[in-house]
Every structure is written in structure tokens, then in C-alpha cells.
Amino acid sequence: MSAKDIIEKKRDRGELSAQEIREFVSGYATGEIPDYQASAWAMAVLLNGMTDAETTELTLAMADSGDRLDLTGTVDIALDKHSTGGVGDKTTLVVQPVVAACGLPVGKMSGRGLGFSGGTLDKMESIPGYRTDLSTREFLAQLKEVGLVLTGQTGDLAPADGKLYALRDVTGTVPSLPLIASSIMSKKIAAGAQRMVLDVKIGVGAFMPDIDQGRALAEIMVQIAALAERQAVALLSDMNQPLGYAVGNALEVKEAIATLHNEGPEDFREHCLEVIEQLLILGEAASNEKEARDLALSKLADGSAWDKFRALVQAQGGDLSFIDNPESLPQAPIQVEVVTERAGYLSEINARVVGETAVDLGAGRQKKGDPIDPAVGIMVHRKVGDQLAEGDPVFTIHANDQGKADAAHAELFGALAWSDTAVEPLPHSYDVVK
Ligand code: URA
């Protein structure tokens, strides 16, 4: 079948065969199928969905589009974590060093920003010198010697996903359950992960808006892991309001550094601990959540998690003086406070509006390959449920351009909703799917 026939079949709600999926994926990976046909196909998938069988086949086809990494011999248990994407989601920057400090090596390949959600690679690149393009040989050597690696998809791992991920980012085709599940799981399978925690974000600032869709995504990913003889646990976590206070690359690195110093926002710290608990149990460093949490807290308190983060940054060429003195990380010249125009209880801080505003400021991409401005973003000073007086600051905009700062100021008012009566804080998480 030609690429056009495959697109038309999905447009007309047909179920693609394994062979059609494999042909399309390998054609796109080799460049035979151009971006415009892949975009049309991705939009057809987004609009018409895929069966579980199609999603599984798409995952395996993308995992097979390049090499597969074998971590046996490098680590005892190949552990990994992956988030489905959110706003202010700097979880990996804290979770990975803590888990490594607990004695479990983690080699992780992360992605760039996707739509309104931030990307771990973009965040780490705000540390001058930090390399995100390690070769497979460097990846394996660092994992063995340092116990943690945080880089981009090395060499030829799941190249079909690498291309499709960048394309989806700029063609409105991110929020699709089969495309997200196959993107994440193809990378994890290709990267050799044996046991993984999937952080499935749910809410307006996530690609899955409600619990039912989040659970469906979690279940298909856990099922694909089992089919590929891996073990996955999915945490369903809240993403209605931004995670922590910082949204924007260097701002988020600073917040992660504070958290590794045993400080940081309470909601972000709690979320990291929930992810860490599952990883430590999967990695057999703890037998239950309480034991895992106690171990993690001890590594935050004694500075060993921070030491691991420094070791990671150093191993990947980052300039330690910037993380030892986070105020020297890129800083935007324009900072504008957004203050409330009324008193009341905050009932919403819409994470999507905040994420989109951060992208408009330059923290994310509008077009494939656009440069990122590491300094810009938004500090969110409050959480849902807080009581505010008129004139209290809610956001600080960090911008490099006065026009963009003014536009962000207007946009951010649209993120807030109010109540005159008390509002319950949002939960950190909803469930764990095993
Ligand atoms: N993370 C990924 O790796 N892929 C997606 O599609 C969404 C989040």
C-alpha cells in the first residue's frame, strides 16, 4: 500500500494491519515518506484513534526503527521513568539523583518540549556546557561509572519516534492516546528499560484531560510493557495547575536544585517522592512505600542526592559553577509581577494557559527546530485553594522582550478562576496502575 492509501485508510476509520503500520513507520524513518504525509497520518490517528493491537504494533515498529540498547552487563536492573508531559514538570531532575543516591543506577533518555509541555533536555541545556547528545558508548560508560545519565535519544534509538515527536510538536498532533503511548513505550523498549515508572499526567495541563483517559493511557502502556516482557507501574498524577512554582527552563532547574537541597515547593517535592517510592520498590531497594520514602528522605537530607546531581552535570560537561550558584543561570532582563484584581480563594490556575504563555515567551517552540530561550518563563506564586487579598502577586513573568511580557500579562489573567468560599487544594495524585 502507498503512504497515501495508508493515510486514507486511517482517515476513513479503518484498522491498519501490522504490515501497513511497519511500512509507514520505516518509510518515515528512512525519509521516503515526507513530513507532510506523516503529519496528515498523525492527524488521522489523532482524530480516529487506534485499536490496542494497532497501538502495540506502532510501538514495536518504532522501537525496531533503529538499534536496541542492551543494558544487561551494565546494570543489574535497568530502571527508567517517563512522564507523559506537563507544565512545570522538572521531576526527573530530582528523582534520578535521589534514586541513584539510593544505589540504583538510572540511565535516561529524555525529550524536548512538546506543545505546551516542557522538555527535560531543554531544561538541562540551560546549564552552560551540559551535553545532551551522548553516543551510545558514552551513555553506557557513564551509567557504569557515575550511575546516572540524562541525555537525548542516543544514536539510532527509535529514530522514527525522534522524527515523529518533533513533527507532532508543531502540527497539533500531540494529544493522542496511541501516539503518546507508542512514543513513550518505543523509546523505553529501545533504550533497554526493564522496569519503569510511567508518570501519567491528568488535567488541563496534560495531554489526557480526565482520569478515564489517563487510566486508559496508563493501562495500554502497562500492557505493552508486559507484552515486551518488561514491567511498568503508572502513577496517575494531577496536572491541572503547574507543578511546583517554576515554569520555564532555567527557572525550573533552579527549583529542582532547591528541592535537591531539601527545600523546594511542597507539591513538587511530594510528587517526586511518590515517583521515587515506585522506582525504589521496582528496583528492589525498598519493599514498601514507607521504607522507600524514608530512604529517599535520608538521601535528600544528607546531601548525597545533590552530590549525584553534581556528578551528573560534571560527567556531561556542564559548568558546575552555575549549579553551585544557581543565580548565575540564565536570567531574563524583564521581570513583571501579575497581581490579583480581587480578593478570594483561587479555584483554578490553569496549567495549560500558563504553559502556552511560557511557550509564547520563548520557553518552547512554535516551529520545528526553533531555538529555546532558557531564561524566560513564569513563576507561579500560589496554589489552588490559597486565599488572596486584592493586589497580592500571583505570577512573575520573566521575559526578554517588553511586548511579549505585556502579552503574557494579559494572557495570565485568563488562567485564574476564583471562589468566594473556601476551595480544597488539588490532590497530588489519583491512583497507581500496576
Ligand atoms: N512524552 C513522549 O515521549 N512522547 C509523547 O508523545 C508525550 C510525552
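**Close-up 1. Four cavities of 30 Å³ or more are found in this structure.** Welcome to the inside of a predicted model. The views that follow visit two of these spaces and then a pair of cysteines. The largest cavity holds about 290 Å³ of space, while the second largest has a volume of about 120 Å³.

**Close-up 2. The centre of the largest cavity has His82, Ser83, Thr84, Gly85 and Tyr165 as its closest lining residues.** Try finding these five in the structure before you look at the rest of the wall. In total, 27 residues line this cavity. What kinds of residues are they: nonpolar, polar or charged? The lining of the largest cavity divides into 14 polar, eight charged and five nonpolar residues.

**Close-up 3. Several elements help to build the wall of the largest cavity.** One strand is on the list: β1, which spans 79-83, supplies at least two lining residues. The helices α5 (91-101), α6 (120-124), α8 (159-169) and α9 (177-190) also each supply at least two. Which element gives the largest share of this lining? That is α9, with four residues.

**Close-up 4. Phe116, Ser117, Gly118, Ala358 and Ala363 lie nearest the centre of the second largest cavity.** Here the lining is made up of 17 residues. Two elements give two or more residues to it, namely α11 (249-260) and α16 (351-363). Of these, α16 gives the most, with four residues. Sorted by class, the lining of the second largest cavity has nine polar, six nonpolar and two charged residues.

**Close-up 5. The structure holds zero disulfides.** Let us look at two cysteines to see how this works out. Cys102 is in no disulfide, and the nearest cysteine sulfur to its own belongs to Cys272, 13 Å away. Why does that rule out a bond between these two? A disulfide is a pair of cysteine sulfur atoms within 2.5 Å, so a separation of 13 Å does not qualify. Seen from the other side, Cys272 is in no disulfide either, and the nearest cysteine sulfur to it is that of Cys102.

**Close-up 6. Cys102 and Cys272 sit in their surroundings.** Are these two cysteines buried or exposed? Cys102 counts as buried because its relative accessibility is 12%, and the cut-off for buried is under 20%. Cys272 also counts as buried, with a relative accessibility of 2%.

Terms used. Residues numbered from 1 in each chain as written. Predicted model: local features only at pLDDT ≥ 70, side-chain atom pairs only at ≥ 80, totals over all residues. Heavy atoms only, no water. Buried < 20%, exposed > 50% of the residue type's maximum accessible area, 1.4 Å probe, protein only. 1 Å grid on protein atoms, 1.4 Å probe; cavity = no way out; pocket = protein on both sides within 12 Å on 5 of 7 lines; lining within 4 Å. Points joined across faces, edges and corners; volume = space filled by probe spheres on them. Nonpolar A, V, L, I, M, F, W, Y, C, P; charged D, E, K, R; others polar.
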